[in-house]
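Dear colleague,

Please find below the structure that I am handing over to you. My account of what was found in it follows directly after.

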Amino acid sequence: MSKRLFVILSLVIIASFILPACGGGGSSTIKVGLLAPLSGAVPTFGISTQQGVEIAVKEWNDKGGVLGKKIELVVADSQCSADPAVNAANKLIDQDKVKFIVGEVCSSASIPVSEIVNQKKVVQISPTSTNAGVTVDKDGKVKPFTFRACFIDPFQGLVMAKFAAGKGFKTAFVMYDQGNDYTVGLAEAFEKSFTELGGQVIGKETYIKEDTDFSAILTKVADSKAEVLYLPDYYNIVNLVGAQAKDKGVTAVMMGGDGWDSADLDVKASEGGFYSNHYDPGDTRPIVVEWLKKFGAAYKDDQGQPKVPDALSTLAYDAANLLIAAIQKAGTEDSTKVAEALAAISWEGVSGTITFDALHNPIKGAVVIGVAGGNKTFAEAIAP
Amino acid sequence: MNAAINQKPSLLETIIRKRWLGKGFLLAIAILALWKLTISFLAGPTIFMQQVINGFQLGFVYALIALGYTMVYGIVRLINFAHGDVFMVGAFVSYYAIADLGLNTWPAKVMPGLPSWLSTAIGVISVVLLSMVSCAFLAYTIERIAYKPLRNAPRISALITAIGVSFFLEYFGALPIAFGPNFVTYQRPFEVVNWVISTSGIVALEPGVAPPDNTLIISNISLYIIIISLLLLFILNFFVRRTRVGKAMRATAYDKPTSRLMGINVDGIISVTFAIGAALAGAAGVLYATAFPQVYFAMGIIPGLKAFVAAVLGGIGSIPGALVGALIIGEAEVLSAAYISTPMRDAVAFSILVLVLLVRPTGIFGEPSREKA
């Protein structure tokens, strides 16, 4: 009895060594790795990302795959954290022989992974890591094998400047938290772009994140008669400032960035305001409508209704599509050639038509969402 | 070591020891500040007045909190660090009363015939009263459980207990079964109306319309804060000066053992003092949350600290001192945010405290400290 068990187990172990080797040796599929936080602090990010990537892979396979081969998705849990992500990336590259990776979601995990993939010449595209250090090294040199599908933070400042200028606004007042890189980056980019577009920033004030009384600043805003109040902070500050602005006679249109994107945004305080975001399900472009339909058909929410894809799923879908399209464009599985093809690609994704700049950050549009009548509705898609 | 002790005092020590130098320095700063204020006023008198109104709005809220610190300190010589968190609880009680119970709208439902301003006023006052009563009850409980057993313990024990109570209220409040850990948007108990004050009179401003040039704007929120604060201060003053309990409070503050010999229920008076201070903090919580409409479990820390500073600045133990100190801190904060820089506001407010204490160690209205046996 135990002898037979021993034999069977031995066979299983031997088989497990031989079979994957056969699969790897046989070049019937192209393997694409996915690094996503399926456990740890933010598992919902990982699930959303995986769902987006799976739809993209299935679509390509239904069309016959790429370079005449089917795409095989290999998923590894990277936990939104440096060490697990490095281990998962090493496993994908050394064991599964993956040459193309989508991931990670979090910047803190994507950065260490980027060091490995550039050493081992594996193409990496992160769907949602916004930190500048993901695609450039410490000396400011671009990492040749690493890309991302989302815009970096300061880009949103440019988007809102374009939107404000497009609405005919000439003067703006900028308020930001001096201790937060996110708001500083957006505010600086907004000021630079708005000035370039012929607008004028007539006032600039900083505050600290513990502040609750904004009356002094808002009195200045009202006095300056600025048409736009740019406030690129998180929703809790927006709620406070918005409510106080109403009782200081401020009539400027409030504008901000994706920090506003929360179910807890006070729509009464931010009424009439606008903010930039990566994507909005209310966008009317046909590719977005199509994407909602596809995603809703594949996944259901808790109530059994078609699920509405969030920004993570959408950017993951775009990232996977970009990567596979680059393989097709390169016409080979050689990762160096694929990286070159990706750098030069132009691809119409759900989150906009994407091309890459010299630092491998996408040049693409963003959406502007308006708060009106207590609802957050799609206002405009802004081309880069 | 010994050599260092035998050395002559350093230049810095000499400067610190000579009080006239400190006074001269203070005078120079005061002149500089006045000059800066005059320049700012001349540059734009209307906007300067507007900022002064903003400062009053903040200062009166601080005053209500500061009174609780000062009354408790005056009687039991305890700095009640949990006071800022009682303020937070007051804000949350009013939040639930408005958002879940709709307490601010009951007069409109029960007595539909009332003019709308009157029913709003009654509704708002009921919200404030509910918060005050809840906070008074909370503080009474805290006093009985945490402070009373330590009445004869060293003062530091009571102080540490107060810090413990403060943490308890904050982190118990952060639990999902209590208030939760998130920022919550506060629903104001009435709609905002702005009035424009100009030489031609006072007109209500349409929402979304920019005010005309060279006019002052005052919102019903500022008025509401200033009126309710003044009303409560007036009632408190009357209570302390003119009633038997108030007289007993003053006697207890002056000399506890003798008061007890005179037949005053000292423990009862101490409890009443805690309850009154907390009721004022509860009212302050409602006013603060109305002005800055967001509530969360740690919202009491910073206003509590500022109000404590205000109480010390005015002379801790003195009721008029708390009011004056709070108005100074409120104005200093808003004016430095307006004319120096926002991140500097706290530095300026705290510098004023340090400078005043250098000259008057017991604060503006503080009595010279008397040594007790």
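In which helix of chain B is the place of B:Ala322? The residue lies in helix H14 of chain B. Please bear in mind throughout that this is a predicted model.

I begin with that residue and its surroundings. B:Ala322 has 35 other C-beta atoms within 10 Å, and a residue counts as buried from 20 upwards, so B:Ala322 is buried. Apart from neighbours within four places in sequence, B:Ala322 is in contact with B:Ala63, B:Ala66, B:Leu67 and B:Thr70, and also with B:Ala310, B:Ala311 and B:Gly314. As a further point of reference, B:Phe137 is separated from B:Ala322 by 185 residues in sequence and by 23 Å in space, C-alpha to C-alpha.

The helix that holds B:Ala322 also packs against another helix. Helix H13 (residues 301–314) and helix H14 (residues 319–339) of chain B have axes that come within 7 Å and cross at roughly 120°. The two helices are therefore oblique to each other, and the crossing of H13(B) and H14(B) is right-handed. On the H13(B) side, the contact is made by B:Lys306, B:Ala307, B:Val309, B:Ala310, B:Ala311, B:Leu313 and B:Gly314. H14(B) contributes B:Gly321, B:Ala322, B:Val324, B:Gly325, B:Ala326, B:Ile328 and B:Ile329. Sorted by class, the residues of this contact are 10 nonpolar, three polar and one charged.

A second pair of helices in chain B is arranged in another way. Helix H9 (residues 220–242) and helix H12 (residues 266–291) of chain B pack at an angle of about 170°, and their axes are 10 Å apart. An angle over 145 degrees counts as roughly antiparallel, and H9(B) and H12(B) are therefore described in that way. From H9(B), the residues in the contact are B:Ile221, B:Tyr224, B:Ile225, B:Ile228 and B:Leu232. From H12(B), they are B:Leu280, B:Ala283, B:Leu287, B:Thr290 and B:Ala291. Nine residues of this contact are nonpolar and one is polar, with no charged residue present.

Turning to chain B as a whole, its secondary structure consists of 15 helices and five strands. Its radius of gyration is 23 Å, which agrees with the value near 21 Å of a compact globule with 373 residues. The C-alpha atoms of chain B fill a box of roughly 80 × 55 × 45 Å along the principal axes. Of its 373 residues, 44% count as buried. Among its contacts between residues at least 6 apart in sequence, 73% join residues at least 24 apart.

Chain A has 11 helices and 15 strands. Its radius of gyration, 23 Å, is close to the 21 Å given by the globule rule for 384 residues, so chain A is as compact as a globular protein of that length. The box filled by the C-alpha atoms of chain A is roughly 85 × 45 × 40 Å along the principal axes, and 51% of the residues of chain A count as buried.

Finally, the two chains touch. In this interface, 29 residues of chain A are in contact with 27 residues of chain B. The elements of chain A that give two or more residues to this side are strand E7 (200–207), helix H7 (215–224) and helix H8 (235–246). H7(A) gives the most, with seven residues. By class, the side of chain A that touches chain B has seven nonpolar, 10 polar and 12 charged residues.

With kind regards

Methods. Residues numbered from 1 in each chain as written. Chains lettered and ligands numbered in written order. Predicted model: local features only at pLDDT ≥ 70, side-chain atom pairs only at ≥ 80, totals over all residues. Axes fitted to C-alpha atoms, helices over the stretch in contact; angles between N-to-C directions. Helix = DSSP H or I, 4+ residues; strand = E, 2+ residues; numbered from the N terminus. Parallel < 35°, antiparallel > 145°, perpendicular 65-115°, else oblique. Contact = placed C-beta atoms within 7 Å. Nonpolar A, V, L, I, M, F, W, Y, C, P; charged D, E, K, R; others polar. Rg over C-alpha atoms; globule rule 2.2 N^0.38 Å. Buried ≥ 20, exposed ≤ 12 C-beta atoms within 10 Å, placed from the backbone. Left-handed = near helix turned anticlockwise from the far one by under 90°.
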